[in-house]
Amino acid sequence: MKFIVAIIKPFKLDEVRDALGALGVAGMTVTEVKGFGRQKGQTEIYRGAEYSTNMLPKVKIEIAASDELAPRVVETIQQAASTDTIGDGKVFVLDLGSATRIRTGETGDTAL
Amino acid sequence: MIRKMLSAAGALGGTLGLAGTAFAQAAAAASSAAPAAAASAAPAAAATPALIDLAKLAPAAQAVAQAGMMNKGDNAWMLVSSALVLMMSVPALALFYGGLVRTKNMLSVLMQVFMIISIGSLVWCFWGYSMAFTSNSIPALAPFVGGLSKAFLMNTSATTVAATFSNNVYIPEYTYIIFQMTFAIITPALIVGSLADRVKFWPLMLFMVLWMTLVYFPVAHMVWYWAGPDFYAASKGTDGGYMFNKGALDFAGGTVVHINAGIAGLVGCLFLGKRVGYGKEPMPPHSLTMTMIGASLLWVGWFGFNAGSNLEANGGASLAFFNTFVATAAAALSWALCDQFVHGKPSMLGAASGAVAGLVAVTPASGYAGPMGSIVLGLLVSPLCFLFVTKVKAKFNYDDALDVFGVHCIGGIFGALATGVLDSPKLGGAGFMDYTVFPAVAGKYDMGAQMITQLTGVAITLLWSGIVSAILYYLVDKLFGLRPSADVEREGLDINEHGERAYNY
């Protein structure tokens with residue numbers, strides 16, 4: 001099993017969700033986050049007081065997937081979240097030790 | 001009811017002279033008017049205007065006489081105006097300021113404004129109205145502050161009357177007290193913008209009570225108090241406040257409200273010092289949506305403030321309403337253009353700030369300038385205030401948190417001086433009425449002399465409010481401490497001073 005963490009542009013969330021749904025991904029966790037990478041921040045000006053924000057709002061998606069599905073999940077996120085500009089985000093894949101469905105106690109791939 | 005009246009009410013020396021309703025029509029026809037020796041009861045016979053000593057009439061006749069000099073339309077307009085001006089404090093000013101502070105201090109600003117107007121209203125009834133709007137039996141003090149003859153609203157009732165700007169036109173005194181109360185309470189509330197994020201609640205309330213008493217009431221008395229058009233002539237132009245007697249023009253409170261509060265704000269932010277983290281950490285407004293709502297409600301409420309200051313629902317009120325509308329529009333535009341040229345983008349905060357600057361600037365001019373003059377006034381005030389809040393504040397490095405000085409004081413000074421120019425009939429202004437003769441006539445406008453008078457008014461207000469405010473800040477700080485600890489300030493005033501948070505998601 002793999003644990004996939006993707007940081008994407010917030011407005012791409014719906015497209016990514018739809019594409020993953022079509023792929024058969026049954027669930028995900030989404031968090032609003034801030035961070036920075038290569039993309040430069042923005043400058044806000046309030047009555048002449050300038051604040052440069054170097055942390056930009058992004059959305060973090062977390063998905064647990066079987067070993068077979070994981071490469072296609074990564075590929076789908078990459079395609080659906082791309083705008084072909086800096087700041088599109090990144091996808092990380094981690095090995096997942098175990099998964100348990102709380103309601104039934106099922107473990108492993110069947111719990112996903 | 002037609003407006004009439006004539007003749008020497010002043011000659012009666014203090015008694016209320018008025019033409020009874022019954023012969024109002026006839027009196028109007030004969031408005032050249034000699035004082036009538038005897039009032040004829042027969043309307044047809046009343047070829048000369050009648051003068052009646054109200055106090056000597058039977059109650060029923062008094063009622064008839066009063067109905068003749070009071071107009072239900074005037075009273076209705078003044079009550080509506082009073083409600084509009086209250087709306088300028090809550091919620092308008094509270095939201096305008098509240099949106100500009102950080103989330104952790106939102107409630108502190110709302111609460112400060114809310115309680116200043118609550119406490120201030122009581123102070124107004126207890127001694128404020130009397131100190132501002134009565135004559136003083138001590139001659140040396142009379143030009144500067146009123147007496148206590150109407151303290152705790154003594155000698156006022158639902159049947160006593162207050163003068164307007166027209167001979168023999170009155171409104172109920174209660175209406176006048178209420179209307180002026182709304183001014184007396186919004187002025188101290190304006191000051192909190194300078195002190196935002198870093199002031200203790202109860203000491204601030206004490207400061208505001210003292211400030212109203214020693215700054216607002218005397219300044220309001222100096223600029224606005226007078227005996228009214230029917231009696232001012234009899235006093236030979238002396239029964240008025242110091243600046244009023246000099247002929248200072250301040251229609252709705254450029255000096256009394258905005259310069260007064262603005263300079264007190266500047267002194268306050270210098271006294272308190274900068275906020276923890278000022279210039280090092282970002283302090284962006286937490287909700288410009290609130291600020292926009294507040295600025296918009298201020299714009300609407302200001303119609304009561306300015307057009308209501310006409311005290312009568314006539315063409316003068318329409319003029320003030322019109323000026324208030326267009327000066328604000330022009331100022332919002334010119335601030336947005338300043339933003340565009342200097343920062344590359346027109347900002348919502350800029351437009352809202354410009355609107356307020358325009359409202360402030362047109363306040364003293366609203367009843368005197370013409371609409372086109374007001375548009376020019378609006379276009380010019382925003383670049384000036386923009387310069388102060390973006391450049392001058394940074395250059396001199398003072399932390400006027402919400403720019404009370406940069407917008408209200410500077411805009412107020414500009415408006416007060418511009419009033420001296422725009423009032424000129426040659427520039428479409430209304431000129432002024434000379435009340436030292438009875439009945440009042442249009443005065444001869446001398447722009448040079450008027451500008452000197454306006455400058456004097458500005459200077460006196462700056463000095464009086466600046467110096468007395470400094471003493472009061474010092475006093476309250478020594479007694480109770482004005483500034484919370486740095487830890488409290490970092491964590492926020494809401495949770496520490498009020499035990500609440502503005503937002504529980």
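## Two helices in contact

Two residues are in contact if their C-beta atoms, placed from the backbone, lie within 7 Å. Keep that in mind for a helix pair in chain B of this predicted model: Gly254(B), Thr255(B), Val257(B) and His258(B) of H8(B) meet Val360(B), Thr363(B) and Pro364(B) of H11(B). Sorted by class, the residues of this contact are three nonpolar, four polar and no charged.

Two packed helices are described by the angle between their axes and the distance between the axes. Here, helix H8 (residues 254-272) and helix H11 (residues 348-365) of chain B have axes that come within 9 Å and cross at roughly 145 degrees.

## How confident is the prediction?

For the model, ipTM is 0.75 and pTM is 0.83. Chain B has a mean pLDDT of 89, with 87% of its residues at 70 or more. Please read one stretch with care: over residues 1-52 of chain B the pLDDT is below 50, although this stretch has 98 contacts in the model beyond near neighbours in sequence.

## Chain B and its core

Chain B is built with 16 helices and four strands. Of its 505 residues, 56% are buried. Looking at contacts in chain B between residues at least 6 apart in sequence, 74% join residues at least 24 apart.

The largest nonpolar core holds 147 residues, and those with the most contacts inside it are Leu93(B), Tyr97(B), Val113(B), Leu298(B) and Ala361(B). Helix H5 (residues 173-195) of chain B gives the most to this core, with 14 residues. For a closer look, take Ala361(B): leaving aside neighbours within four places in sequence, its contacts include Ala327(B), Ala331(B), Leu377(B), Val381(B), Phe414(B) and Ala418(B). Glycines are also on the contact list of Ala361(B), namely Gly378(B), Gly411(B) and Gly415(B). A second, separate core of 15 residues includes Ala6(A), Ile8(A), Ile61(A) and Ala64(A).

## The sheet of chain A

Strands of a sheet pair through backbone hydrogen bonds, either parallel or antiparallel. In chain A, four strands make an open sheet in the order S2-S5-S1-S6, with antiparallel pairing. Strand S2 (29-35) and strand S6 (89-95) of chain A each have a single partner strand, so one side of each is left without a neighbour in the sheet. From one strand to the next, the twist averages 20 degrees.

Strand S1 (residues 2-8) of chain A runs antiparallel to S6(A), and seven bridges join them. Within this pairing, Ile8(A) has Gly89(A) as its bridge partner. At the other edge, S2(A) is joined by seven bridges to strand S5 (residues 56-65) of chain A, again antiparallel, with Val30(A) standing opposite Ile61(A). S2(A) is hardly covered: zero of its seven residues are buried.

## A hairpin and the contact between chains

Strand S3 (residues 42-46) of chain A pairs with strand S4 (residues 49-53) of chain A over five bridges in the antiparallel sense. Glu44(A) stands opposite Tyr51(A) in S4(A). The two strands form a hairpin with two residues between them, and in the turn Arg47(A) has a positive phi of about 45 degrees.

Which chain A element gives the most to the side that touches chain B? That is strand S3, with three residues. The whole contact takes six residues from chain A and eleven residues from chain B. The chain A side has three nonpolar, one polar and two charged residues.

## Backbone details worth a look

Chain B has some peptide bonds to check on screen. The bond from Val90(B) to Pro91(B) is cis, with omega near 5 degrees, and Pro91(B) sits in helix H3 (residues 72-100) of chain B. Phe438(B) and Pro439(B) are also joined by a cis peptide bond, with omega about -5 degrees. Pro439(B) belongs to the loop between strand S3 (433-434) and strand S4 (441-442) of chain B.

Phe152(B), a residue other than glycine, has a positive phi, near 55 degrees. Phe152(B) lies in the loop between helix H4 (106-133) and strand S1 (161-163) of chain B. Is Phe152(B) buried or exposed? A residue counts as exposed if 12 or fewer other C-beta atoms lie within 10 Å of its own; Phe152(B) has 12, so it is exposed. Asn397(B) also has a positive phi, near 60 degrees, and its place is in the loop between helix H12 (371-396) and helix H13 (404-422) of chain B. With 9 other C-beta atoms within 10 Å, Asn397(B) is exposed.

Note on methods
Residues are numbered from 1 along each chain as its sequence is written. Chains are lettered from A and ligands numbered from 1 in the order in which they are written. This is a predicted model: local features need pLDDT of at least 70, side-chain atom pairs count only at pLDDT 80 or more; totals for chains, interfaces and linings use all residues. Ala, Val, Leu, Ile, Met, Phe, Trp, Tyr, Cys and Pro count as nonpolar, Asp, Glu, Lys and Arg as charged, and the others, Gly among them, as polar. A residue is buried if 20 or more other C-beta atoms lie within 10 Å of its own, exposed if 12 or fewer, and partly exposed in between; C-beta atoms are placed from the backbone. A nonpolar core is a set of buried Ala, Val, Leu, Ile, Met, Phe, Trp, Tyr and Cys residues joined through C-beta atoms within 7 Å. Two strands pair if DSSP finds at least two bridges between them. Axes are lines fitted to C-alpha atoms, for helices over the stretch in contact, and angles run from 0 to 180 degrees between N-to-C directions. pLDDT is the predictor's confidence in each residue, from 0 to 100.
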